[in-house]
Amino acid sequence: LPLLVLQSPYHFCIVDRDGIHLYTYEGRLLSTVKYKGLRTDVLNPLTLSIARDAVCMVDASTPKCVRVFDVQSGRPLGQPIEHKIDIIQVAVNQHGSGADRRVAILDKNKDLYITPAHRTQWVKLSSMVDTFMWHDLTDMMVAICGGGDNSMHCWFYPAAVFVDQDLLPHTMTTKEAIGCGKMCQLVSFSGSHCTIRRSDGAYQALSVSPYPQLLYQQVEKGQWDKAIRVCRFVKSPPLWAALAAMALHARELTTAEIALASIDEVAKVHFITSLNELADDTVRAAELALFCKRPEEALGLLLQQGKVYRAIDMNIRLQRWEAALDLAQKHKGYVDVVLSMRHKFLQDMNYDETNPKFIKATKEVSVDHAAVAAKIAAEEEKDRRQAEGN
């Protein structure tokens, strides 16, 4: 006999003692998920979640772990995602696929976290959360917070936290959830309405803004101009912030610049403007990755394309002086550049050199500051010519 039946917009699963069986709505078996130690008798709608391409569950034997499986093959997608304390609820988003898959959890401390499904990168969204749910078609999320004096938080684009954490608070709206009481549970979130089951069994409906769905529709079609027009019509800062994060994720810098300007993020607008002025696509992608607080990815992009000077310059801007020197010594030809910039930095700060690596390198390599300036100008001219050639 089935122990649990769970639906998603694309397929459904039946849980019995033999495993988790995934079916299309035409009745075709897609796969069966099972692993050593699986306890199907303790699975429930809070600890099991399915999406278009992923099955996500809390490991009953290790409640701190979340296991993610592929829908088509039933095989694990990478290693289990570990959390620091026990997890009481897990849910996977329904929007997008592949790299866009996100897992949200609620732990025993009632803290709400989110992470990409393919790697462990927990980011806290909120605390004192009673219940949460993803939208059935978009990446919106709602959560009921605050115990008896409830409030409903709605994030228009929670994945903004992986693009620019500063934008996340701007994408959220808050309203009172009057009458929900303690121990309430979200049971559906579709369209612009969510349904809550109260502790006495009664159902209550709450509404959210309908405009984020229009925004998602335009973004999915790549119609960024129409997405901007939607935001200009609504004049909602959370909607502009969501559009900015979506545009940055899709590397639509012109749209991101307009959206950031609309929420008065002046420093970010200046940075995006400087990115638009870069002629080289690789350098632009690396700088955008650095903006999204992914420095290792940015450096990897530059080194993969042989842009050693750019990688060294990025390390210096990040104050990773030893990494810059190691990179220059490994590839040779740029040690004098690093030493010259280090000398200027220490001179400006009125410090003396104390790092043994730099003291040794200074004795081994003579630095001609004029020659270094000429070398830097030559590297920038080389990048410009390569960009024009491409």
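The lining of the second largest pocket divides into 9 nonpolar, 2 polar and 6 charged residues. The model described here is predicted. This second largest pocket has a volume of about 310 Å³. Its lining comprises 17 residues. Those nearest the centre of the second largest pocket are Arg102, Arg119, Phe162, His249 and Arg294. Two helices, α3 and α6 (281-291), each supply at least two residues of this lining. The largest share, 3 residues, comes from α6.

The largest pocket has a volume of about 590 Å³. It is lined by 26 residues. Leu6, Gln7, Pro45, Met133 and Val187 lie nearest its centre. By class, the lining of the largest pocket holds 15 nonpolar, 9 polar and 2 charged residues. Strands contribute to this lining at several points along the sequence. At least two residues each come from β1 (4-7), β5 (48-50), β9 (87-92), β13 (129-134) and β17 (185-190). The largest share belongs to β17, with 6 residues.

Two of these lining strands, β1 and β13, also take part in hairpins. Strand β1 runs antiparallel to β2, and 4 bridges join the two. The hairpin between β1 and β2 passes through 4 residues. Gln7 has Phe12 of β2 as its bridge partner. Gln7 is also among the residues nearest the centre of the largest pocket.

Strand β2 (residues 12-16) continues the antiparallel arrangement into β3 (residues 19-23), with 5 bridges between them. This second hairpin joins β2 to β3 through 2 residues. Asp16 stands opposite Gly19 of β3. Of the 5 residues of β2, 4 are buried, so the strand is largely enclosed by the rest of the structure.

Strand β13 is mostly covered, with 5 of its 6 residues buried. Its antiparallel partner is β14 (residues 141-145), to which 5 bridges join it. The two strands form a hairpin with 6 residues between them. Within this pairing, Phe132 stands opposite Ala143 of β14. Phe132 has a further role in the packing of the interior: it is among the residues with the most contacts inside the largest nonpolar core.

That core has 66 residues. Alongside Phe132, the residues with the most contacts inside it are Leu112, Leu215, Leu243 and Leu248. Helix α3 (residues 237-249) gives the most to this core, with 10 residues. Helix α3 also supplies at least two residues of the lining of the second largest pocket. Beyond its neighbours in sequence up to four places away, Leu248 touches Val163, Leu167, Leu253, Ala256, Ile272, Leu288 and Phe291. A second, separate core has 27 residues, including Ala289, Ala298, Met314 and Ala324.

Met314 is also one of the buried residues of helix α8. This helix spans residues 308-317, and 8 of its 10 residues are buried, so α8 is largely enclosed by the rest of the structure. Besides Met314, the buried residues are Val308, Tyr309, Ala311, Ile312, Asp313, Asn315 and Ile316. The list thus includes Asp313 and Asn315. Gln319 follows α8 and has a positive phi, near 65°.

Arg197 offers a contrasting environment to examine. It is found in strand β18 (residues 193-197). At 33% relative accessibility, Arg197 counts as partly exposed, because this value falls between the 20% and 50% limits. Leaving aside residues up to four places away in sequence, Arg197 touches Met183, Cys184, Gln185, Val187, Ala202 and Tyr203. One of these, Val187, is among the residues nearest the centre of the largest pocket. Arg197 lies 196 residues from Leu1 in sequence. In space, the C-alpha to C-alpha separation of Arg197 and Leu1 is 27 Å.

Notes
Residues numbered from 1 in each chain as written. Predicted model: local features only at pLDDT ≥ 70, side-chain atom pairs only at ≥ 80, totals over all residues. Heavy atoms only, no water. Buried < 20%, exposed > 50% of the residue type's maximum accessible area, 1.4 Å probe, protein only. Core = buried A, V, L, I, M, F, W, Y, C linked by side-chain atoms within 4.5 Å. Contact = heavy atoms within 4.5 Å. 1 Å grid on protein atoms, 1.4 Å probe; cavity = no way out; pocket = protein on both sides within 12 Å on 5 of 7 lines; lining within 4 Å. Points joined across faces, edges and corners; volume = space filled by probe spheres on them. Nonpolar A, V, L, I, M, F, W, Y, C, P; charged D, E, K, R; others polar. Pairing = 2+ DSSP bridges.
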